[in-house]
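Please take a moment to look over the sequence and the model together, and then follow the paragraphs below with the structure in view.

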Amino acid sequence: MSGFDLSKVIRPHVLALKPYSSARDEYSGHEGVFLDANENPLGSVGGGNYNRYPDPYQQEIKKKLAIIKGVQPQQIFLGNGSDEAIDLLIRAFCEPKEEKILITPPTYGMYRVSADVNLVEVKEVPLSPDFNLQVDEILKELDELTKLVFLCSPNNPTGNSLRKADVEKVLEKAKGVVVVDEAYIDFSAEESYITLLDRYPNLVVMQTFSKAWGLAGLRLGMAFASPELIGFINKIKPPYNINQLTQEKALESLGQYTSQKKMVEEILKERKGLAEELKSLPTVRKIYPSDANFLLVKIDDATEVYNKLVSKHVIVRNRSSVQLCADCLRITVGSKSENNELLKSLRELF
Ligand SMILES: *Cc1c(COP(=O)(O)O)cnc(C)c1O
């Protein structure tokens, strides 16, 4: 990656912005009588210790996470879900009605929604029919106004990982920032793009606590990038974007990384078993290879199957109307008993 100058890619007013300075920014010591933040000194209604504002930069979590991920704590941003990271990236880099993001459908829906909310134009370069990047088409679209490219690997809803050589070509040629969303990386045998952060100053890698960690209810997403880029995101984030309860729970969970690995192993075993069982059903046309915790399944009359499953109280995601996904259902890998329920219902339909 040559000639990437972050200060020229970030929006000028973000470069110049003076961020909100919280009480905890101005005095960060832990000992003392704290009469600086208008907190309630008596405690919390309902019990627990939530009367103090949380650490605006979640330093304890980042210290632990940095070790697990092999980065520096200053290379980490934590958001209220990956959704917040997506929104802040768009707001940091794209001038509304002027600059653009590029996405590669079929992919995760939030990139477009977040761009739409921010009045930022979305360019689409669809994946090829085998769900890989059309690199030449993407490179043709990468002009000075295309500030962000969102790639998702393993991709939702297709389940496959993108080819690393393709992603690197985009990283090399992009004039703006390339975001690789790795929400499903823990279910994949592929190496994380985090290892390429030192080589590409225009790379942002996103991960989440919502999938492998089983903490979707917490709303905690991660973004990894250069300290300079993370610095700009920190400038524009809401000061206390990660609440105290979430910070405590995340810290506790990070201390139990082995349980996460065990859960992932079990889900991978279920994914294999579920794929084999689904393959044996007569109307299933194709099970796409998956590096994620779901299977994309091409099936005759997908919408009818979807509706019949709903009537049996088994809910999957109907992706039939999504480009390149005609007659496809996206099925999350459940527990053994949930998967058996699904298979039983499907067999009853045929
Ligand atoms: C599930 C998912 C996420 C997670 O989003 P959160 O806001 O962190 O829950 C991010 N990206 C993709 C592609 C996903 O499928």
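**A walk through the predicted model**

Pro157 sits in the loop that runs between strand 4 and helix 8, and this is a useful place to begin, in a model that, as should be said at once, is predicted. The peptide bond leading from Asn156 into Pro157 is cis, with an omega near 15 degrees. Pro154 also has its place in the loop between strand 4 and helix 8, and a cis peptide bond, with omega at about -5 degrees, joins Ser153 to Pro154.

From this loop the chain can be followed into a larger pattern, for strand 4, helix 8 (residues 164-173) and strand 5 together make a right-handed β-α-β unit. Strand 4, which covers residues 146-152, pairs with strand 5 in the parallel sense over 5 bridges, and if you look for one particular link between them, you will find that Val149 has Val178 of strand 5 as its bridge partner. On to the next pairing: strand 5 and strand 6 (residues 203-208) run parallel and are joined by 4 bridges, with Val204 in strand 6 serving as the bridge partner of Val179.

How enclosed is strand 5, and what tells us so? Buried here means that a residue has under 20% relative accessible area, and 5 of the 5 residues of strand 5 (residues 177-181) are buried, so this strand is largely enclosed by the rest of the structure. In a regular strand the side chains alternate between the two faces of the sheet. In strand 5 both faces are covered, since Val177, Val179 and Asp181 on one side are buried, as are Val178 and Val180 on the other.

A similar reading can be made of strand 7 (residues 221-224), where Gly221 and Ala223 on one side and Met222 and Phe224 on the other are all buried, which leaves both faces covered. Strand 7 runs antiparallel to strand 6, to which 4 bridges join it, and one of the residue pairs to look for is Val205 with its bridge partner Phe224 in strand 7. Strand 1 (residues 76-79) is likewise antiparallel to strand 7 and joined to it by 4 bridges, and here Gly79 has Gly221 as its bridge partner.

We can now turn to the ligand. It is surrounded by 13 residues, of which the closest are Asp181, Tyr184, Ser210, Lys211 and Arg219, and Asp181 is already familiar as one of the buried residues of strand 5. Sorted by class, the shell around the ligand holds 4 nonpolar, 5 polar and 4 charged residues. A polar side-chain atom of Ser210 lies 2.6 Å from an oxygen atom of the ligand, and a polar side-chain atom of Arg219 also lies 2.6 Å from a ligand oxygen atom, while an N or O atom in the side chain of Asp83 is 3.3 Å from an oxygen atom of the ligand. The protein covers 93% of the 390 Å² of accessible area that the ligand has on its own.

Finally, two loop residues deserve a look for their backbone angles. His313, in the loop between helix 12 (302-311) and strand 10 (317-318), has a phi near 65 degrees, a positive value in a residue other than glycine, and His313 is exposed, with a relative accessible area of 71%. Leu324, in the loop between strand 10 and strand 11 (328-332), has a positive phi of about 70 degrees although it is not a glycine, and at 34% relative accessibility Leu324 counts as partly exposed.

Definitions and conventions:
Residues numbered from 1 in each chain as written. Predicted model: local features only at pLDDT ≥ 70, side-chain atom pairs only at ≥ 80, totals over all residues. Heavy atoms only, no water. Near = heavy atom within 4 Å. Polar contact = N/O pair within 3.5 Å; in protein donor to acceptor, adjacent residues only side chain to side chain. Areas by Shrake-Rupley, 256 points an atom, 1.4 Å probe, with all protein chains shown as cover. Nonpolar A, V, L, I, M, F, W, Y, C, P; charged D, E, K, R; others polar. Buried < 20%, exposed > 50% of the residue type's maximum accessible area, 1.4 Å probe, protein only. Pairing = 2+ DSSP bridges. Right-handed = clockwise from strand over helix to strand, strands pointing away.
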